Every structure is written in C-alpha cells, then in structure tokens.
Amino acid sequence: MDSDGVYKRVNINKVIKNIQKNNSDLTESKAQEIAYAMIKELNKKVSSMVIDFENGEGDFMACYFDAIDKI
C-alpha cells in the first residue's frame, strides 16, 4: 500500500497548520517532523483496516450493504 498510501491523500500543509494551532510554541520544522510521523502512523492504521476489510472484517459488511443499496 506504500505506493498508494495515505501520503498521497493527506494535505501535509493542513496537518502542519493544525499542529501549530494546537502548539503555538513549535517551529514549523518541528511541526513538519511531527506531521510526517503522524501520517506514518495513520498509514499503518489504514493498512490494517484494509487487511481487515479484505478478510471480510471491520467495515466490510457495512460497505457491502451500502453498495447493495446504491446498485
């Protein structure tokens, strides 16, 4: 999932701004470092969710019924 990970979908600038909004004493470079670490953790969680989904767990049935309703 690395080639199609959440890195491509997350606007890093928005994450940095939110970090700085909550921690005004941080420099932009430190906020950027934290943002990349946060996205890395998010990517792990999304990867885990995808594995669960592929195995019919997690949100699988909810997505199945939503898809059936829309077809």
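**Exercise 1. Count the salt bridges in this predicted model and describe each one.**

Solution. Start with the rule. A salt bridge is a side-chain nitrogen of Lys or Arg within 4 Å of a carboxyl oxygen of Asp or Glu. By this rule the count is two salt bridges.

Take the pair Glu 33 and Lys 30. Their closest N and O atoms are 3.6 Å apart. Both residues lie in helix α2, three residues apart, about one turn of the helix. Helices here are DSSP runs (H or I, at least four residues), strands are DSSP runs too (E, at least two), and both are numbered from the N terminus.

Now take Glu 41 and Lys 44. Their side chains meet in a salt bridge at 3.2 Å, N to O. These two residues are also in α2, and because they are three residues apart, about one helical turn separates them.

Why does such spacing suit a pair? An α-helix has 3.6 residues a turn, so residues three or four places apart point the same way.

Before going on, note the ground rules. Residues are numbered from 1 along each chain as its sequence is written, and side-chain values use heavy atoms, with hydrogens and water left out. As the model is predicted, local features need pLDDT of at least 70 and side-chain atom pairs count only at pLDDT 80 or more, while totals for chains, interfaces and linings use all residues.

**Exercise 2. Classify the four salt-bridge residues as buried, partly exposed or exposed.**

Solution. Fix the cut-offs. Buried means under 20% relative accessible area, exposed means over 50%, and partly exposed is in between (1.4 Å probe, protein chains only). Then go residue by residue.

- Glu 33 has a relative accessible area of 49%, so it is partly exposed.
- Lys 30 is at 36%, so it counts as partly exposed.
- Glu 41 is at 39%, so it is partly exposed.
- Lys 44 is at 48%, so it is partly exposed.

**Exercise 3. Check the length of helix α2 and find what its buried residues pack against.**

Solution. Begin with the expected span, which is 1.5 Å times one less than the number of residues. Helix α2 covers residues 28–54, so its 27 residues should span 39 Å. The end C-alpha atoms are 38 Å apart, which agrees.

Next, list the buried residues of α2: Ala 31, Ala 35, Ile 39, Asn 43 and Val 46. They pack against α1 (12–22).

Met 38 is in α2 as well. At 44% relative accessibility, Met 38 counts as partly exposed. Its C-alpha atom is 8.9 Å from that of Val 15, although the two are 23 residues apart along the chain.

Finish at the end of the helix. Just after α2, Gly 56 takes a positive phi of about 80 degrees.

**Exercise 4. Place Asp 59 in the chain and find its contacts.**

Solution. Asp 59 sits in the loop between α2 and α3. Its relative accessibility is 47%, so it counts as partly exposed. Set aside its neighbours within four places in sequence. Asp 59 is then in contact (heavy atoms within 4.5 Å) with Met 49 and Phe 53. Asp 59 and Met 49 are 10 residues apart in sequence and 8.3 Å apart in space, C-alpha to C-alpha.

**Exercise 5. Identify the nonpolar surface patch.**

Solution. Apply the patch rule. Members have over 30% relative accessible area and no salt bridge; like charges are joined within 9 Å, nonpolar side chains (Val, Leu, Ile, Met, Phe, Trp, Tyr) within 5 Å. Areas come from the Shrake-Rupley method with a 1.4 Å probe; for residues, only the protein chains shown count as cover.

The patch consists of Met 61, Tyr 64, Phe 65 and Ile 68, with about 400 Å² of accessible area together. Phe 65 lies in helix α3 (residues 60–70). With a relative accessible area of 48%, Phe 65 is partly exposed.

**Exercise 6. Summarise the fold and the confidence of the model.**

Solution. Count the elements: three helices and zero strands. Along the sequence the pattern is α-α-α. Buried residues make up 15% of the 71 residues.

Now the confidence. The chain averages a pLDDT (the predictor's confidence in each residue, from 0 to 100) of 89. Of the residues, 89% score at least 70. Among the elements, α2 has the lowest mean pLDDT (93) and α1 the highest (96).
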